[in-house]
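This briefing goes through selected local features, grouped by topic. It is meant to be read beside the sequence and the coordinates.

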Amino acid sequence: MRACGKAARCFLLLLGLIQTPLCVTAGKILIWPGEFSHWLYMKTIMNELIARGHSVTIVTHSATPFLLKDQSLGYNMEIIQVPYSTKDVTENNERILKYWIYDFPSTRIQAFLNLAESLDIMMEQNKALCRELFAREDLLEKWRKEKFDVLLTDPVTLCGELLAQKLNLPFIVCVRPFYIMERHCGQLPSPPSYVSASSLGYTDRMDFLQRVKNVLFTFFQDVMTNIMIMVKWNPLFTEVMGKPTTLCDTMSKADIWLIRTYWDFEYPRPLLPNFKFVGGLHCKPAKPLPKEIEDFVQSSGDDGIVVFSLGSMIKNLTKERANTIATALGQIPQKVLWRYTGEKPETLAPNTRLYDWIPQNDLLGHPKTKAFITHGGLNGIYEAIYHGVPMVGLPLFADQPDNLNHMTTKGAAVMLDINKMDSKDLKQVLDDVINNPSYKESMMRLSRIHHDQPMKPLDRAVFWIEYVMRNKGAKHLRVEAHNLTWYQYHCLDVAAFLLSVIALVVFIFVKTCRLLFRKCCRKTSAKSKKE
């Protein structure tokens with residue numbers, strides 16, 4: 001009997017194993033990354049995916065100024081040969097920074113024309129990369145045979161979403177919100193009454209004139225974006241797909257949008273089911289500093305230190321600006337660690353040290369850090385939020401002024417114009433941010449919001465990537481708005497129908513009243529004649 005019982009249990013166990021589907025967690029992921037800080041963000045996600053057993057393949061190009069220098073073990077890399085060089089890319093980037101940072105405040109019209117020309121060169125390089133990618137039929141066929149589960153793309157360099165469509169893969173967009181592509185292509189609701197257009201710097205509380213400006217700016221921004229996409233990108237997308245295709249139609253098919261912010265940074269606004277906040281996913285507890293840096297930090301005593309970095313793209317400043325900044329830094333009691341690779345400023349004081357590279361996250365997490373001078377990139381802002389360090393913002397270009405506007409209105413930062421400030425301005429602002437407890441308190445409040453989440457941002461990002469892999473996409477999270485025309489979305493056809501019905505009812509009512517009035521008048525006239 002016992003033997004029969006054991007046999008029966010073994011049979012039932014075997015039957016259960018047969019009927020239970022195997023849970024395979026490892027998958028194949030194709031990544032189309034951006035450069036500079038965008039790559040650092042994507043790399044954090046990639047390393048976590050590799051640590052969880054996934055196979056990762058990165059697609060880049062032969063002229064990349066960043067990725068080829070940062071190759072790590074654990075992933076595959078496919079390099080597309082392009083008809084331009086790394087020198088072409090870096091020189092054009094330097095021109096863009098020059099026109100945007102130094103020329104634009106003084107010679108606006110000429111700087112704008114120069115900037116537009118350089119941005120057009122960048123766009124043409126991006127388009128050349130797309131053409132070279134889709135000319136590689138051998139590579140496309142190889143990827144089809146590999147049967148990837150998902151594609152992860154950063155649309156700062158377009159074409160990843162097109163590659164996903166060509167390979168028939170679900171794809172995920174990892175983006176810093178500019179609110180243009182999300183609104184245009186992702187159908188993210190953005191009521192202009194309380195959602196400010198990017199670059200205006202307004203909060204969610206706008207007065208009447210600000211709302212007027214916001215509506216007009218949003219309208220013209222949409223018009224210019226539509227024209228640019230229609231002229232520059234839609235023909236290429238149509239050419240690659242072999243049928244009429246638009247950039248927005250392609251990007252709208254994204255299964256998930258990973259947004260690189262969170263409610264500690266954003267103002268409250270509507271979201272959609274396939275939009276997920278993962279801001280600060282690269283942040284982590286501080287590690288011990290290298291001995292030489294730790295000794296310098298400890299030498300600051302009770303005054304503490306200030307961390308200063310303008311990001312990965314800014315290598316140096318003009319001699320005049322560098323001297324202005326160095327003079328101000330030399331007048332504060334704190335020790336300063338300044339990431340700077342340019343010529344040593346003539347006014348550099350003993351309390352300031354220059355470094356080609358600094359462990360920024362570890363320094364911001366050090367108990368002696370009193371303030372962070374930053375250009376306003378999202379990576380640095382989130383490291384400051386994570387560790388609760390108030391900021392002095394020196395925005396340079398792109399989304400940086402808007403980022404720092406967010407932090408300023410939340411009471412955690414002060415912003416200066418790097419081209420107009422003098423040494424006195426910078427010193428005064430530093431003293432205020434360091435010695436006025438309100439800035440530290442505001443930043444600690446944001447830090448508590450950031451840490452008070454049910455899931456860490458990196459775990460959330462990886463969860464949704466694996467979610468798309470498990471479910472072969474996430475189309476059930478996409479709103480029906482993607483399949484509506486613009487007039488259907490705004491119910492203009494319904495409004496036209498209802499107005500037509502009302503007009504018809506009014507017309508019939510007026511006609512009926514006139515007819516009754518005429519009949520009444522005729523009867524009255526006839527009666528009068530008889531009398």
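**Surface patches**

Leu209 is a residue of helix 8, which runs over residues 208-241. The model described here is predicted. The points below cover surface patches, a buried helix, a buried strand residue, salt bridges and backbone angles.

- Leu209 has a relative accessible area of 65%, and because exposed means over 50%, Leu209 is classed as exposed.
- Leu209 belongs to a nonpolar surface patch of about 1100 Å². The other members of this patch are Phe208, Val212, Leu216, Phe219, Phe220, Val223, Met224, Ile227, Met230 and Val231.
- A patch of positive charge on the surface is formed by Lys511, Arg514, Arg518, Lys519 and Arg522.
- Arg518, one of the residues in the positive patch, sits in helix 19 (residues 492-530).
- The relative accessibility of Arg518 is 51%, so Arg518 counts as exposed.

**Helix 13 and its surroundings**

- Helix 13 spans residues 378-387, and 10 of its 10 residues are buried, so this helix is largely enclosed by the rest of the structure.
- The buried residues of helix 13 are Leu378, Asn379, Gly380, Ile381, Tyr382, Glu383, Ala384, Ile385, Tyr386 and His387.
- Among the helices that these buried residues pack against are helix 2 (37-51), helix 12 (360-364), helix 14 (400-409) and helix 16 (437-451).
- The buried residues of helix 13 also pack against strand 11 (369-374) and strand 12 (391-393).
- Gly388 comes just after helix 13 and has a positive phi of about 75°.

**Ser309 in strand 8**

- Ser309 is located in strand 8, made of residues 305-309.
- With 2% relative accessibility, and under 20% being the cut-off for buried, Ser309 counts as buried.
- Beyond its neighbours within four places in sequence, Ser309 is in contact with Arg339, Ile358, Gln360, Phe372, Ile373, Thr374 and His375.
- Between Ser309 and Met181 the C-alpha to C-alpha distance is 29 Å, and the two residues are 128 residues apart in sequence.

**Salt bridges**

- The model contains 17 salt bridges.
- Arg52 and Glu48 form a salt bridge through their side chains, at 3.0 Å from N to O.
- Arg52 has a relative accessible area of 32% and is partly exposed. Glu48 is partly exposed as well, with a relative accessible area of 22%.
- Arg52 also forms a salt bridge with Glu466, where the closest N and O atoms are 4.0 Å apart.
- Glu466 lies in helix 17 (residues 457-470), while Arg52 lies in the loop between helix 2 and strand 2 (55-61), so this pair ties together parts that are 414 residues apart in sequence.
- Glu466 has 15% relative accessibility and therefore counts as buried.
- In the salt bridge between Lys142 and Glu78, the closest N and O atoms are 2.6 Å apart.
- Lys142 is in helix 5 (residues 137-146) and Glu78 is in strand 3 (residues 76-80), so the pair ties together parts that are 64 residues apart in sequence.
- Lys142 counts as partly exposed at 38% relative accessibility, whereas Glu78 counts as buried at 16%.
- Glu48, Arg52, Asp459 and Glu466 are joined into one network by salt bridges that share partners.

**Positive phi outside glycine**

- Most residues other than glycine have a negative phi.
- Phe36 is not a glycine, yet it has a positive phi of about 55°.
- Phe36 is placed in the loop between strand 1 (28-32) and helix 2.
- The relative accessible area of Phe36 is 16%, so Phe36 is buried.
- Lys472, also a residue other than glycine, has a positive phi near 55°.
- Lys472 is placed in the loop between helix 17 and helix 18 (486-489).
- At 67% relative accessibility, Lys472 counts as exposed.

Definitions and conventions. Residues numbered from 1 in each chain as written. Predicted model: local features only at pLDDT ≥ 70, side-chain atom pairs only at ≥ 80, totals over all residues. Heavy atoms only, no water. Patch = residues over 30% accessible without salt bridge, like charges linked within 9 Å, V, L, I, M, F, W, Y side chains within 5 Å. Areas by Shrake-Rupley, 256 points an atom, 1.4 Å probe, with all protein chains shown as cover. Lys, Arg positive; Asp, Glu negative; His and termini not counted. Charge placed at Lys NZ, Arg CZ, Asp CG, Glu CD. Helix = DSSP H or I, 4+ residues; strand = E, 2+ residues; numbered from the N terminus. Buried < 20%, exposed > 50% of the residue type's maximum accessible area, 1.4 Å probe, protein only. Contact = heavy atoms within 4.5 Å.
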